[in-house]
Amino acid sequence: MSEPANKKWLGSAFIGAAFLMATSAIGPGFITQTTVFTAKQGASFGFVILVSIIIDIVVQLNIWNAIAASRMKASDLVNKLLPGAGYLLGVLVVAGGLVFNIGNVAGCGLGLQTLFGIDATTGAIASGVFAIIIFLVKEFGKAMDSLAKWLGIVMILMVIAVAIIAQPPMAEVVKETVWPSQIHLISILALVGGTVGGYISFAGAHRMLDASANRPIKMAEVNKAAVSGIVISGIMRVCLFVAAFGVIATGFVPDAANPAPSIFKHVLGHTGEKIFGIIFWCAAITSVVGASYTSASFMENWHPFFLKQRQWVIVGFIAIATTCFALFGQPIKILVAAGAINGLILPVYMVFILWAFMSRKLMPNFKQRGWLLIAGWIATILVAYMSWMALADL
């Protein structure tokens with residue numbers, strides 16, 4: 001392969017990795033969470049988003065750098081530092097990924113129900129079959145990249161349009177974002193956990209590693225893709241926030257049972273409902289794909305079977321989540337617990353990631369930038385503190 005062709009291929013792979021990470025973060029919970037927090041905190045939620053994005057970038061850069069420099073997936077890297085710990089990390093990620101996938105499949109069903117009026121369970125099963133088909137094609141990696149990329153673009157453009165039509169009071173948004181009248185630490189933890197916690201950050205990092213195969217990885221490309229993933233999810237979060245705040249600022253009270261669709265309906269009527277259905281389905285199906293792919297990647301060092309039959313392991317993972325929702329419905333309490341665990345386990349695996357940078361054996365040809373290493377430790381301590389505060393409030 002010629003150098004220009006290789007560069008073009010690698011660039012495409014990194015873009016796919018960035019979108020996979022971003023769309024894995026932008027799931028049904030992401031949309032509902034943003035709307036609920038905006039309704040409760042008003043314009044000051046802008047500050048929470050700003051701080052969480054800064055922490056997200058620091059966390060993601062460190063994770064992607066460690067995986068790219070070591071050329072090892074997270075569980076293998078952690079096992080090298082502390083034998084057996086990588087398996088525990090894998091179990092936590094896979095368990096959380098499965099629970100979230102049940103919620104993601106449920107989101108697919110609700111999205112199609114809003115769009116076409118069909119039963120949510122039927123919509124969930126149809127979406128599960130669609131996701132399985134993506135992984136049955138010969139080059140499922142490219143199919144997955146394309147799905148994440150194009151559906152991600154569709155979601156963002158639609159939300160931007162709704163945000164513009166909502167006409168939010170931007171002067172108040174900017175003021176409260178820079179100098180908030182109230183600060184919610186638990187909200188910051190929830191946003192960080194929902195963006196780079198659990199399996200989400202590893203979705204893009206592991207895809208980057210798989211796509212690069214034995215080719216050399218340039219850290220400049222890694223950094224660009226890592227930041228791009230956070231920027232993509234950040235744009236979606238900000239646009240959802242300003243759209244919701246634009247409506248709430250008029251005195252409208254969102255439906256407590258279904259806050260997000262009620263916002264879209266208030267802005268654009270019946271058309272707004274349909275647009276929400278499209279956005280919700282896109283968010284849910286891309287999260288199903290991201291969670292399934294990443295969870296399977298954490299199983300690869302459990303037994304040779306999981307690596308050799310990775311395609312069918314992913315298919316099985318989707319089938320199990322779809323079947324669980326079809327039979328038992330969406331376990332709300334478990335989903336809430338899994339969301340909290342995403343933020344709670346983040347400081348644990350960040351300690352391993354930052355520890356890895358100090359091992360010359362694991363990364364003989366790479367030295368992490370001092371400022372990013374220090375920022376990584378500060379972010380880890382901050383998230384650990386917020387996690388402690390969250391537990392104290394239980």
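Analyst: Two aromatic rings of Phe, Tyr or Trp count as a pair if their centres lie within 6.5 Å. In this predicted model, such ring pairs link Phe37, Phe45, Phe241 and Phe245 into a cluster.

User: Thanks! How many aromatic pairs does the rule give?

Analyst: The count comes to 13 aromatic pairs.

User: Why is the pair of phenylalanine 202 and phenylalanine 298 called edge-to-face?

Analyst: Two values are needed here. A pair of aromatic rings is described by the distance of the centres and the angle of the planes. For phenylalanine 202 and phenylalanine 298, the centres are 5.4 Å apart and the planes are at 80 degrees. The cut-offs are within 6.5 Å for a pair and over 60 degrees for edge-to-face, so these two rings are an edge-to-face pair.

User: What parts does the pair of phenylalanine 202 and phenylalanine 298 tie together?

Analyst: Helix α10 (residues 200-212) holds phenylalanine 202, and helix α12 (residues 259-299) holds phenylalanine 298, so the pair ties together parts that are 96 residues apart in sequence. Both phenylalanine 202 and phenylalanine 298 are buried.

User: What makes arginine 237 count as lying over the face of phenylalanine 30?

Analyst: For arginine, CZ has to be within 6 Å of the ring centre and within 35 degrees of the ring normal. Arginine 237 is 3.9 Å from the ring centre of phenylalanine 30 and lies over its face.

User: How do you know whether cysteine 108 is in a disulfide?

Analyst: A disulfide is a covalent bond between the sulfur atoms of two cysteines. The cut-off is a pair of sulfur atoms within 2.5 Å, and by this rule the count of disulfides is zero. For cysteine 108, the nearest cysteine sulfur belongs to cysteine 282 and is 9.5 Å away, so cysteine 108 is in no disulfide. Cysteine 239 is in no disulfide either: its nearest cysteine sulfur, again that of cysteine 282, is 15 Å away.

User: And why is cysteine 239 called buried?

Analyst: Its relative accessible area is 13%, and buried means under 20%, so cysteine 239 is buried. Cysteine 108 is also buried, at 1%.

User: What makes helix α4 largely enclosed by the rest of the structure?

Analyst: Six of the eight residues of α4 (residues 74-81) are buried, so the helix is largely enclosed. The buried residues are Ala74, Ser75, Leu77, Val78, Asn79 and Leu81.

User: Arginine 71 has a positive phi; what is its value, and where is the residue found?

Analyst: Phi of arginine 71 is about 55 degrees, although this residue is not a glycine. Most residues other than glycine have a negative phi. Arginine 71 is found in the loop between α3 (45-70) and α4, and is partly exposed with a relative accessible area of 34%.

User: Why is glutamine 167 called exposed?

Analyst: Its relative accessible area is 66% and the cut-off for exposed is over 50%, so glutamine 167 qualifies. Glutamine 167 is found in the loop between α7 (140-166) and α8, and its phi, near 50 degrees, is likewise positive in a residue other than glycine.

User: Which residues make the nonpolar surface patch?

Analyst: Met170, Val174, Val178 and Trp179 make this patch of about 480 Å². Valine 174 lies in helix α8 (residues 170-178). Its 47% relative accessibility is between the limits of 20% and 50%, so valine 174 counts as partly exposed.

Definitions and conventions: Residues numbered from 1 in each chain as written. Predicted model: local features only at pLDDT ≥ 70, side-chain atom pairs only at ≥ 80, totals over all residues. Heavy atoms only, no water. Phe/Tyr/Trp six-rings, centres within 6.5 Å; stacked < 30°, edge-to-face > 60°. Helix = DSSP H or I, 4+ residues; strand = E, 2+ residues; numbered from the N terminus. Buried < 20%, exposed > 50% of the residue type's maximum accessible area, 1.4 Å probe, protein only. Patch = residues over 30% accessible without salt bridge, like charges linked within 9 Å, V, L, I, M, F, W, Y side chains within 5 Å. Areas by Shrake-Rupley, 256 points an atom, 1.4 Å probe, with all protein chains shown as cover. Salt bridge = Lys/Arg side-chain N within 4 Å of Asp/Glu carboxyl O.
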